[in-house]
Amino acid sequence: MRQTKIGLAFVASLLALTTGIPAFAEEPSTAEQTIDAMNKLFGKHPGLRANHAKGVVAEGSFTPSPEAAKISKASLFQGPPVPVTIRFSDATGVPTIADGAANANPHGMALKCKLADGSEMDVVVNALKFFPVATGEEFRDLLRAAAESGPDAAHPTALERFAASHPAAATAGKTAKTPSSFARQTYNGVNAFIFVDKDGKRQPFRYRFVPAEGEEILTPEEAAKRGPNYLMDEIGPRLAREPARFRVLAQLAEPGDPTNDATKPWPDDRRTVDLGTLTVTKAVADSANAEKALLFMPNALTDGIEVSDDPLIDARVQAYAVSFSRRSQ
């Protein structure tokens, strides 16, 4: 398993926290600035995530397909089913957001696979078809612009000005819709990763998790009629009746498809490979307590799957680490 990369600035901040002595007199890192911007936009909620604060934890397994073993030497694809911890979530850092609210999109799904050798591999996906920005610095700036664009802000607002110069920022959010259930949503990997097979052949790909029952999307009017916690309350009883299953697909890049820009989706006609089935079997007994210890890192991988040149992967890792350090205090 690849070890989580934690930047020097983050290590320095931990040193300062544990010793009380400033390690470096330098400007906060981009990751720290990003979490600061989230806290300004969503408020500070001790013990909770800076983003996707509201969620529910479940358990299940992943069963690989024969095709998966051909495209990657990862142990995840070579043997029997492996246990998986799954966290479904709403967007924003507001823990009381209504599940059907527009701002609760994109809903997210994070996976922690327990591999046979005792290591773990993480996957982090959401309902967006592409991301609003391409770099960590742009994401920080997007959050800052949103925080400055309240109802009383003069037009064009900071957010409107940002969207004018970043086209995907104005359109990405429209690709995520409100589902009837966490089990009836398609989740996409906006970042590119690399498969490596037993012969060393490398293949860029993006994840796609498709519900076996099909996607079921609510209109804004239908979503507004649902209870504020309908997604969180529905998933447990649903799983108690029967497991929820997702087809795990990999969309394969062709030469020339960008792997370093999450704002640019690949054409729909690109080949997809069936990697296997994610089966979600039950909600955990105490989700609020279970999720406190969970940290999902996009670069927590295993031999046979590697990060691409997408700068957002490391930006997400850095920001997740900062958020985790703050909610763990």
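# Exercises on a predicted protein model

Lys-174 counts as exposed, at 58% relative accessibility (exposed means over 50% relative accessible area, buried under 20%, partly exposed in between, with a 1.4 Å probe and protein chains only). The model is predicted, so local features need pLDDT of at least 70 and side-chain atom pairs count only at pLDDT 80 or more, while totals for chains, interfaces and linings use all residues. Residues are numbered from 1 along each chain as its sequence is written, and side-chain values use heavy atoms, with hydrogens and water left out.

**Exercise 1. Locate Lys-174 and state its C-alpha distance from Pro-106.**

Step 1. Lys-174 belongs to the loop between helix H6 (167-171) and strand S5 (187-188). Helices (H or I, at least four residues) and strands (E, at least two) are DSSP runs, numbered from the N terminus.

Step 2. Between Lys-174 and Pro-106 there is a sequence separation of 68 residues, and their C-alpha atoms are 9.3 Å apart in space.

**Exercise 2. Describe the surroundings of His-52, and decide whether this residue is buried or exposed.**

Step 1. UniProt, in an unreviewed entry, places the feature "active site" at His-52. UniProt positions are given in the numbering used here, feature names are shortened, and annotations may be inferred rather than shown by experiment.

Step 2. His-52 sits in the loop between helix H2 (30-42) and strand S1 (55-64).

Step 3. Because its relative accessible area is 17%, His-52 is buried.

Step 4. Contact means heavy atoms within 4.5 Å. Leaving aside neighbours within four places in sequence, His-52 is in contact with Arg-87, Ser-89, Asp-90, Ala-91, Thr-92, Gly-93, Pro-106, His-107 and Gly-108.

**Exercise 3. Characterise Val-133 by its place, accessibility and contacts.**

Step 1. The loop between strand S4 (120-126) and helix H4 (136-147) holds Val-133.

Step 2. Val-133 counts as buried because its relative accessibility is 1%.

Step 3. Not counting residues up to four places away in sequence, Val-133 touches Glu-138, Phe-139, Leu-142, Phe-162, Ala-262, Thr-263 and Leu-312.

Step 4. Thr-178 is 45 residues from Val-133 in sequence and 22 Å from Val-133 in space, C-alpha to C-alpha.

**Exercise 4. Assess the overall fold: does the radius of gyration agree or disagree with that of a compact globule?**

Step 1. The protein has ten helices and ten strands.

Step 2. A compact globule of 329 residues would have a radius of gyration near 20 Å, so the 19 Å of the protein agrees. The radius is taken over C-alpha atoms, and the globule rule is 2.2 Å times the number of residues to the power 0.38.

Step 3. Of the 329 residues, 51% count as buried.
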